[in-house]
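Here are my notes on the model you sent over. Have the structure open while you go through the points.

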Amino acid sequence: MTDQVIAGTDLSRLRELNSLTVVRALRDQPPTTVTELANVTGLSRPAVDVIAQGLVSSGWATIVEPGGSSTVGRPARRYRFRATAGYVIGVDVGAHKILVLLADLDGNVVHTARCAVAADADPAARLAALDQILAATLEESGKAPADIWAVTVGVTGPVDASGKTTLFTPLPGWRTVDLPAHLSDRFTCPIIVENDCKLAALAERWQGAARDANDIVFLLAGMRLGAGLIIDGVLRRGYGGAAGEIGALKAVRWLTAPSHLQSCPGVPTTVSPDDAAAWVFNAARAGNRDARTAVNRYVKDLAIGTAALVLALDPQIVVYGGGFSRSADLVLEPLHRELQKLCLRVPDVRASTLGADSVALGALRLALNEVDQRLFTVGLSAPVAPRRD
C-alpha cells in the first residue's frame, strides 16, 4: 500500500515537472508548435500535446490561431505563455517622486503612474502618497490586489534582509519604515524592497545599455552618487545589502562631487539647488568657462570612485545613469580619459538608455524573477492559480 502511494505521488510530481518544463519553454519562446516544444524540452510529441492542452485548460497558455490563408494542409496549432495570467508591480520611491509601473508576466508595461513628493516629506506623508498611487494604479488598470503576483519597491540607501534602510538613507525618517509590513495590508503576494542603484543596474542589463554584458558597474548619478554591481550575470547585494556603496568612503570624493555643480559661479539665484546642475550642464554645453570647469571637476571626482570599482571588479561595461545621464554627452569622454589614467584596463563606458524609469523597470525585473523562482520551485500552484481575463 505504501509503495502504491509513493508511486502515485512520484507520477503526479513527474507530470508537474513535465508541465513546468513546457511552461519554461513557452516563457522563452515566441508562439510555438507542439513539435517545436518537443524538440526544445526533449519530451515526446504526444506528451507535449497533452501537456499543452492541459496548460490551456488551466489558464497557463493560450492558443495562437494561424493568420492568413493556406491552401496546403492545415497550419500547425501554436501555443503561447499566457502573460496576463498575473501581473507584477515595480515602484521607485525617490526623494522627489514616486513612479509605479504595472506589467504582465512578459514584462510588458500596461500602466504607468507618477506623483511628486516633497524632498522633506516625513515617512507618514511619503507612505500616504505611495498608498494613494498604488490604489489609483489598481483602479485605473482594472486590476485587483489578487491579480498582482509580486511587488518590488526601489528605495534610496542600502537595504537589509528585512527590507529596511537601517544603515543610511537621505529620505527623512525612512530608516524606521518597514515597507513589506506596510504593503502586506494591501497585497498577499511577495513584497521585495531593494536599493535603487541595484535595480537600475538590473534594468540596464534587461532592457538598456548593458544587454550584451554580464559584468557591469552601473553609476546612478544625480545629486548623490551610487553604484549597482552585476558580476557573472548576478546582481551583487553583499552581506548586509551595501555592495557598491563606495561613495561612503570620503577619500573617493563621491560625497562632494555634485557640489562642484551646485556651487558653480554664475548660477542665477532664481535657480533652485535641485536645478543648479541642469543649468551648469546647459551652460557648459554653450561654452561657459566656469560651467565647463565645474563639470570637469565633477568628472574628476566621479572617476576616483569609478576607478576603484573598475580595479576591484574589472567589468566589461560601466553605465552612466540617473538624472545626470541626460548630460552624458559632456561626461562620458572626459570620464573615459580619467579612467585611462587610473585603471589597468578601461571598460566600455556607456550612457543609460532608460533615463528616469530605470529604477522602476529594474523593480519589475526583480518582481518577475521572484515569480519565476516561485513558479519553477513550488510549482504551478504558485504564486496563485491563473485567473481568466
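1. Start with Ala200. Setting aside neighbours within four places in sequence, Ala200 is in contact with Phe218, Ser358 and Val359. Bear in mind that this is a predicted model.

2. Where does Ala200 sit? Its place is in helix α6. Is Ala200 buried or exposed? Ala200 counts as buried because its relative accessible area is 0%, and the cut-off for buried is under 20%. If you want a distance to check on screen, try Ile133: its C-alpha atom is separated from that of Ala200 by 21 Å, with the two positions 67 residues apart along the chain.

3. Now for the helix pair. Helix α6 covers residues 196–207 and helix α11 covers residues 358–378. Their axes come within 7 Å and cross at roughly 80 degrees. That crossing makes α6 roughly perpendicular to α11, because angles of 65 to 115 degrees count that way.

4. Who makes the contact? On the α6 side, the residues include Leu199, Ala200, Leu202, Ala203 and Trp206. From α11, Ser358 and Val359 take part, among others including Leu361, Leu364 and Arg365. Ser358 and Val359 also turn up among the contacts of Ala200. By class, the contact of α6 with α11 has 11 nonpolar, 3 polar and 3 charged residues.

5. Next, have a look at the largest pocket, which has a volume of about 1,000 Å³. It is lined by 34 residues, and the closest to its centre are His96, Lys97, Gly222, Met223 and Gly323. By class, the lining has 15 nonpolar, 10 polar and 9 charged residues.

6. Which elements each supply at least two residues of that lining? They are strands β4 (87–93) and β9 (216–221), plus helices α8 (273–285) and α11. The largest share, 7 residues, comes from α8. Helix α11 is worth a second look, as it supplies lining residues and also crosses α6.

7. Last, the chain as a whole. There are 11 helices and 13 strands. Of the 389 residues, buried ones make up 50%. The C-alpha atoms fill a box of roughly 80 × 50 × 45 Å along the principal axes. Among contacts between residues at least 6 apart in sequence, 66% join residues at least 24 apart. The contacts of Ala200 with Ser358 and Val359 are there to look at on screen.

Terms used. Residues are numbered from 1 along each chain as its sequence is written. This is a predicted model: local features need pLDDT of at least 70, side-chain atom pairs count only at pLDDT 80 or more; totals for chains, interfaces and linings use all residues. Side-chain values use heavy atoms; hydrogens and water are left out. Axes are lines fitted to C-alpha atoms, for helices over the stretch in contact, and angles run from 0 to 180 degrees between N-to-C directions. Helices (H or I, at least four residues) and strands (E, at least two) are DSSP runs, numbered from the N terminus. Angles under 35 degrees count as roughly parallel, over 145 as roughly antiparallel, 65 to 115 as roughly perpendicular and the rest as oblique. Contact means heavy atoms within 4.5 Å. Ala, Val, Leu, Ile, Met, Phe, Trp, Tyr, Cys and Pro count as nonpolar, Asp, Glu, Lys and Arg as charged, and the others, Gly among them, as polar. On a 1 Å grid over the protein atoms alone, a cavity is a set of points where a 1.4 Å probe fits but cannot get out, and a pocket is an open set with protein on both sides within 12 Å along at least five of seven lines; lining residues have an atom within 4 Å of a point. Grid points are joined across faces, edges and corners, and a volume is the space filled by probe spheres set on the points. Buried means under 20% relative accessible area, exposed over 50%, partly exposed in between (1.4 Å probe, protein chains only).
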